[in-house]
Structures are given as structure tokens and as C-alpha cells.
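Visitor: I would like a close look at one part of this model, taken slowly and with the values attached. Could you choose the part and walk me through its surroundings?

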Amino acid sequence: MKNQTYYKPFDLAQLFDRGMWSENSGVQSRMPAVDVEETEEAYRLLVDLPGVKKDAISISYKNGHLSIEAKREGCEENAAGWVCRERFTGSFQRNIYLSQSLKDDEISASLNDGVLEVHAPKQHQTKQISIN
């Protein structure tokens with residue numbers, strides 16, 4: 001089952017209140033922490049994805065929403081010898097609404113030391129207005 005959460009930039013109360021774990025309809029779901037930085041030229045997102053392989057991450061952009069999907073593989077559920085298992089395995093999806101249109105052909109991402117960095121340049125639309 002996929003966990004899905006929508007966040008709007010600068011809804012700081014929502015970001016800080018949820019902390020590392022979020023409650024979702026009474027069921028604890030584990031979502032990666034996301035930092036969103038905005039400059040005049042672009043958005044920069046940092047997503048904590050420790051233990052997630054690059055091939056298990058998918059990023060898409062549509063209608064102002066940047067979607068990040070990933071799957072963290074784990075050991076067999078019934079593997080013998082486990083005394084405690086707290087690390088999350090499974091799929092999740094984060095949808096982040098960005099208020100500016102983006103240059104979708106220039107969005108880039110890299111994964112280093114368990115942190116996904118997404119660079120999303122803004123689309124500046126300038127319209128000349130003629131004077132009658």
C-alpha cells in the first residue's frame with residue numbers, strides 16, 4: 001500500500017507538527033522528511049531517503065505538483081532471529097505543490113549519502129502589454 005501526502009510550501013505548521021512520523025487516519029505511516037528551499041530562480045528539495053536505491057525512486061511533475069515515489073526494500077518479513085524491527089520498508093509517495101510553473105525539461109535530481117536533491121527551475125512568464 002502506498003502512503004501519499006500533499007504539502008504546500010510554507011505551510012510550516014503542517015511540516016513541523018508532523019515531525020519524523022505522521023499520523024494518517026489513525027494508522028502510523030512513515031514518510032521521508034522533505035526540506036523545500038525557494039529562490040527567485042528555482043526550488044530546491046532535499047528528501048531523506050536512507051537505504052533507498054536510485055533505481056527505486058521516481059520523480060514526476062504535473063500541474064504544479066512535484067511527485068516523488070520510492071520503495072525501500074527490506075529483509076524477509078518472517079526472517080528468523082529478529083528481536084526488534086523498527087526500520088520502515090515499503091512504498092511511499094510525496095506530492096509537493098509548488099506555486100510557480102517549472103521548466104519541466106530542466107528538473108534534475110541526484111542521490112548522495114541517502115539524501116535526494118531535486119533542483120526545479122522556475123518558468124518565468126513575462127508578457128509585454130501594449131498601450132492603446
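Guide: What follows is a walk around the charged network that contains R44, with the core, a polar site and two loops taken up afterwards.

The model is a predicted one, and the distances and accessibilities below are computed from its atoms. R44 lies in strand β5, which covers residues 42–48, whereas E117 lies in strand β10, which covers residues 115–121. The two side chains form a salt bridge in which the closest N and O atoms are 2.9 Å apart, and because the partners sit in these two strands, the pair ties together parts that are 73 residues apart in sequence. R44 also meets the side chain of E37 in a salt bridge, with an N to O distance of 3.0 Å.

As to accessibility, R44 has a relative accessible area of 32% and is therefore classed as partly exposed, since that class lies between the 20% and 50% limits. E37 counts as partly exposed at 37% relative accessibility, and E117 is also partly exposed, at 29%.

The structure holds 4 salt bridges. One of them links E73 and K71, whose closest N and O atoms are 3.8 Å apart; here E73 counts as exposed at 56% relative accessibility, while K71, with a relative accessible area of 39%, is partly exposed. Salt bridges that share partners join E37, R44 and E117 into one network.

Next to R44 in the sequence comes L45, and with this residue the description passes from charged groups to nonpolar ones. The largest nonpolar core has 19 residues, of which L45, L49, I57, I68 and L116 touch the most other members. Strands β5, β7, β8 and β10 each supply at least two residues of this core, and β5 and β10 are also the strands that hold R44 and E117. In soluble globular proteins, nonpolar side chains tend to be buried together. Leaving aside its neighbours within four places in sequence, L45 is in contact with V34, D35, V36, L66, I96, L116, E117 and V118. That list includes E117, the residue that forms a salt bridge with R44.

Strand β8, one of the contributors to the core, spans residues 90–97 and contains Q93. With a relative accessible area of 12%, Q93 falls under the 20% limit and is therefore buried. Its side chain is joined to that of S67 by a polar contact of 2.8 Å, and it makes a further polar contact, of 3.4 Å, with the side chain of N95. The C-alpha atoms of Q93 and E69 are separated by 4.3 Å, although these residues are 24 apart along the chain.

Two loop residues complete the picture, and for both the backbone angle is the point of interest. N63 is placed in the loop between β6 (57–62) and β7 (65–72), and its phi is near 50°, a positive value in a residue other than glycine; at 65% relative accessibility, N63 counts as exposed. D113 is found in the loop between β9 (108–112) and β10, and its phi, likewise positive in a residue other than glycine, is near 50°. D113 is exposed, with a relative accessible area of 84%.

Methods: Residues are numbered from 1 along each chain as its sequence is written. This is a predicted model: local features need pLDDT of at least 70, side-chain atom pairs count only at pLDDT 80 or more; totals for chains, interfaces and linings use all residues. Side-chain values use heavy atoms; hydrogens and water are left out. Helices (H or I, at least four residues) and strands (E, at least two) are DSSP runs, numbered from the N terminus. Buried means under 20% relative accessible area, exposed over 50%, partly exposed in between (1.4 Å probe, protein chains only). A polar contact is a pair of N or O atoms within 3.5 Å; within protein, one must be able to donate a hydrogen and the other to accept it, and residues adjacent in sequence count only if both atoms are side-chain atoms. A nonpolar core is a set of buried Ala, Val, Leu, Ile, Met, Phe, Trp, Tyr and Cys residues joined through side-chain atoms within 4.5 Å. Contact means heavy atoms within 4.5 Å.
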